[in-house]
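User: I would like to learn how to read the interfaces in a model of this kind, beginning with the one between chains and then turning to the one between domains. Could you take me through them step by step?

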Amino acid sequence: MTEIRYLRAINMALADAMAEDDTVVVFGEDVSEAGGSFGASRGLRDRFGPDRIFDTPISEAAIAGAAVGVAMSGLRPVIEIMFMDFITLTMDALVNQAAKARFMFGGQGSVPMVLRTPHGAGLGAGPQHSQCLEAWLAHVPGLKVVCPSDPASAYGLLRAAIRDPDPVIMVENKALYGMKAEVADELPVLPIGKAAILRRGKEVTLVSYGASVHICSAAAAQLEADGISAEVIDLRSLQPWDEATVLESLSSTHRLVVVHEAVEAFGPGAEIAARMADVGFDELDGPIVRVGAPFMPVPFSKALEGRYLPDAAKVVAAVRRTLA
Amino acid sequence: MSAKPMNTSRRAQAGKAVDLPALYKSMLLIRRTEERLATLFADGEVPGFIHLSIGQEAVSAGVMSNLTKADTIASTHRGHGHALAKGLSLEGFFSELLARREGLCQGRGGSMHVADMSVGMLGANGIVGAGLSIALGSALAHKRLRPGTIAVAFFGDGALAEGLLHETLNMAALWKLPLLFVCENNGWSEFLPSEKQIAFTLERLSAAYAIPYERVDGNDAEAVALRSREIIEAVRRSGPAVLECATVRVRGHFEGDAQKYRDRADLEDVAKVDPIMRCEAVLKKTRMSDEALQALDADVRSAIENAISVARAGQDPDFERAREDVYTPQGFASP
């Protein structure tokens with residue numbers, strides 16, 4: 001076992017993928033000489049050279065569009081979009097080109113590209129550098145979306161994303177970049193679409209992904225002190241998401257709370273709750289409760305941002321509501 | 001800063017002569033195909049929207065005469081000519097436009113999304129300008145994997161107003177990518193003339209990036225073939241170039257567009273510069289008999305009718321098969 005940070009896990013995954021397959025190329029704003037805005041690609045230029053990892057101008061639309069053309073022409077691009085808020089500028093390439101190419105060209109080929117991007121508030125980055133927009137992407141047929149919660153899953157999901165034949169968006173909560181955890185010496189590649197059960201429990205299932213997983217774990221610990229046993233599921237992937245694991249858990253706990261940092265309205269939790277209300281209807285002993293951000297832009301001031309973000313207390317309150 | 005002049009004509013003329021009969025045949029195939037598409041569309045056999053390139057065939061025939069199969073192109077919504085000149089199967093093309101399972105895209109794409117990766121045709125595109133950055137990426141991959149191979153981005157004058165053009169020109173110039181920008185300037189952006197939409201010239205824009213620029217009569221197939229030949233050789237060796245082809249739009253923005261916004265005189269003028277008539281006149285004077293021209297036309301028509309018969313005999317696509325193909329079937333390349 002060794003202890004590594006989340007950001008280091010991403011760096012290792014990029015390096016291992018580039019070493020394994022010389023068609024993997026990395027490009028984006030400041031990824032090469034600077035080693036990434038957050039440092040995710042530090043050292044890769046020295047190791048793999050500027051043909052394998054290179055900086056681009058601040059041209060998000062063309063970065064993403066070029067990734068589509070690169071992927072159609074024999075390389076496997078991994079691009080970085082510096083903040084998830086900036087994916088607005090890449091949407092045509094993602095939604096109309098990458099996502100549809102395989103389908104609309106009759107399965108002639110696929111677009112093996114990865115877009116990495118950080119989301120999440122808590123750093124005072126304000127309304128245009130903090131949003132969690134993953135529901136937009138999970139809504140688009142043809143895209144896959146993963147959102148790792150810890151160093152091991154960051155490594156395993158990024159390796160899987162780079163090997164995947166289809167376009168994958170990896171969303172990384174930037175509040176997790178500094179997170180340290182013990183990991184195995186040989187980190188496994190993790191399957192996209194498979195959730196992990198982090199804590200077994202009997203009375204309620206807490207489903208989340210990314211940084212919110214840790215809020216759920218904290219809430220579960222508090223609930224345990226009060227004699228309430230909560231199961232915690234880390235979805236890891238949003239598209240596809242592991243419906244079977246959630247349903248199985250619901251079938252034993254009979255209560256469900258879905259937690260994410262994205263705005264609650266029309267967020268990923270809406271899909272999970274709707275599916276479980278349908279296929280899990282007979283299992284439910286209480287309302288499915290969602291915990292997400294309120295329907296407002298991410299505010300700047302700590303005084304506002306603190307209220308904005310989901311936390312363990314809100315999850316505990318949601319659990320009490322479904323148990324009531 | 002001014003665009004670097006390329007002075008292509010003298011050297012090109014010194015090289016191999018243009019195969020005019022081949023250009024003529026390539027244009028005729030596009031013309032006769034689109035004429036049939038117009039009737040098939042009117043008869044309800046071709047669903048959706050189609051955008052015809054009648055009058056613009058010389059650009060496709062001329063540019064593509066200098067490309068290899070490995071070279072890639074990204075096309076537009078008005079892309080039938082690009083597709084056919086790049087060498088798509090005619091049967092696969094018609095089967096696609098008639099929405100058949102046997103179509104190149106299994107009936108999921110249609111006119112605006114027809115593609116054939118096996119001949120380097122990376123797709124028509126329903127989004128104006130979107131092909132620009134796809135071609136940019138393809139050129140990037142060529143440079144790394146297949147030196148000497150190029151990508152061509154076709155776009156209309158309408159795409160001059162898209163911001164992506166700037167991003168793509170800039171990156172192509174910065175990285176000296178083997179990317180040829182071919183602007184088919186037909187003077188119309190949907191229902192508005194270009195002068196009401198565009199405040200600059202592509203020549204001056206190219207100069208801003210120090211990308212070599214050439215303008216050619218896009219209705220003269222021989223001129224397009226000759227000029228693009230040397231430009232393409234330069235792109236293979238040393239980086240991007242812009243070729244603006246001045247052409248005309250004969251039909252409406254889409255089939256069914258009555259073009260009420262357009263002067264009758266303008267529509268009459270476009271007939272006078274018809275690239276096929278012009279090419280035919282040259283061929284008649286120098287090389288080909290009327291009989292030979294008629295025989296060629298008959299061959300083209302017969303190939304088209306055969307492809308239409310094949311398409312008509314095709315089947316509807318299967319819904320479950322389509323639904324299963326949104327993602328690559330698992331078991332391949334996955335952990």
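Analyst: Contact here means heavy atoms within 4.5 Å. The model is a predicted one, and in it 41 residues of chain B are in contact with 48 residues of chain A.

User: How much area is buried between chain B and chain A, and what share do carbon and sulfur atoms give?

Analyst: Buried area is what two parts lose in accessible area on being put together, summed over both. Between chain B and chain A this comes to about 3,400 Å², with carbon and sulfur atoms giving 63% of it.

User: How many salt bridges does the rule find across the interface of chain B and chain A, and which side chains meet?

Analyst: The rule asks for a side-chain nitrogen of Lys or Arg within 4 Å of a carboxyl oxygen of Asp or Glu. Across this interface it finds 1 salt bridge, in which the side chains of B:D325 and A:R102 meet at 2.7 Å, N to O. The rule for polar contacts finds 15 residue pairs across the interface of chain B and chain A, with both residues at pLDDT 80 or more.

User: Which elements give two or more residues to the side of chain B that touches chain A, and what is the make-up of that side by class?

Analyst: The elements are α6 (130–145) and α7 (163–175) of chain B, and α6(B) gives the most, with 10 residues. By class, that side of chain B has 23 nonpolar, 12 polar and 6 charged residues.

User: Turning to chain A by itself, what does its domain assignment give, and how many residues does the contact take from each domain?

Analyst: The assignment gives domain 1 (2–183) and domain 2 (196–323), whose C-alpha centres lie 26 Å apart. The contact takes 26 residues from domain 1 of chain A and 23 residues from domain 2 of chain A.

User: What area is buried between these domains of chain A, and which residues of domain 1 lose the most?

Analyst: About 1,800 Å² is buried between domain 1 and domain 2 of chain A, of which carbon and sulfur atoms give 60%. In domain 1, A:A121, A:C147 and A:S149 lose the most area to domain 2, together 23% of what that side buries.

User: What do the counts of salt bridges and polar contacts come to between the domains of chain A?

Analyst: The count is 0 salt bridges between domain 1 and domain 2 of chain A, whereas 13 residue pairs are found in polar contact, both residues being at pLDDT 80 or more. On the side of domain 1 that touches domain 2, the elements giving two or more residues are α5 (134–138), β6 (144–146) and α6 (151–163) of chain A, and the residues of that side divide into 15 nonpolar, 9 polar and 2 charged.

Terms used: Residues are numbered from 1 along each chain as its sequence is written. Chains are lettered from A and ligands numbered from 1 in the order in which they are written. This is a predicted model: local features need pLDDT of at least 70, side-chain atom pairs count only at pLDDT 80 or more; totals for chains, interfaces and linings use all residues. Side-chain values use heavy atoms; hydrogens and water are left out. Buried area is the accessible area (1.4 Å probe) that two parts lose on being put together, summed over both. A polar contact is a pair of N or O atoms within 3.5 Å; within protein, one must be able to donate a hydrogen and the other to accept it, and residues adjacent in sequence count only if both atoms are side-chain atoms. Helices (H or I, at least four residues) and strands (E, at least two) are DSSP runs, numbered from the N terminus. Ala, Val, Leu, Ile, Met, Phe, Trp, Tyr, Cys and Pro count as nonpolar, Asp, Glu, Lys and Arg as charged, and the others, Gly among them, as polar. Domain bounds come from an automatic or database domain assignment.
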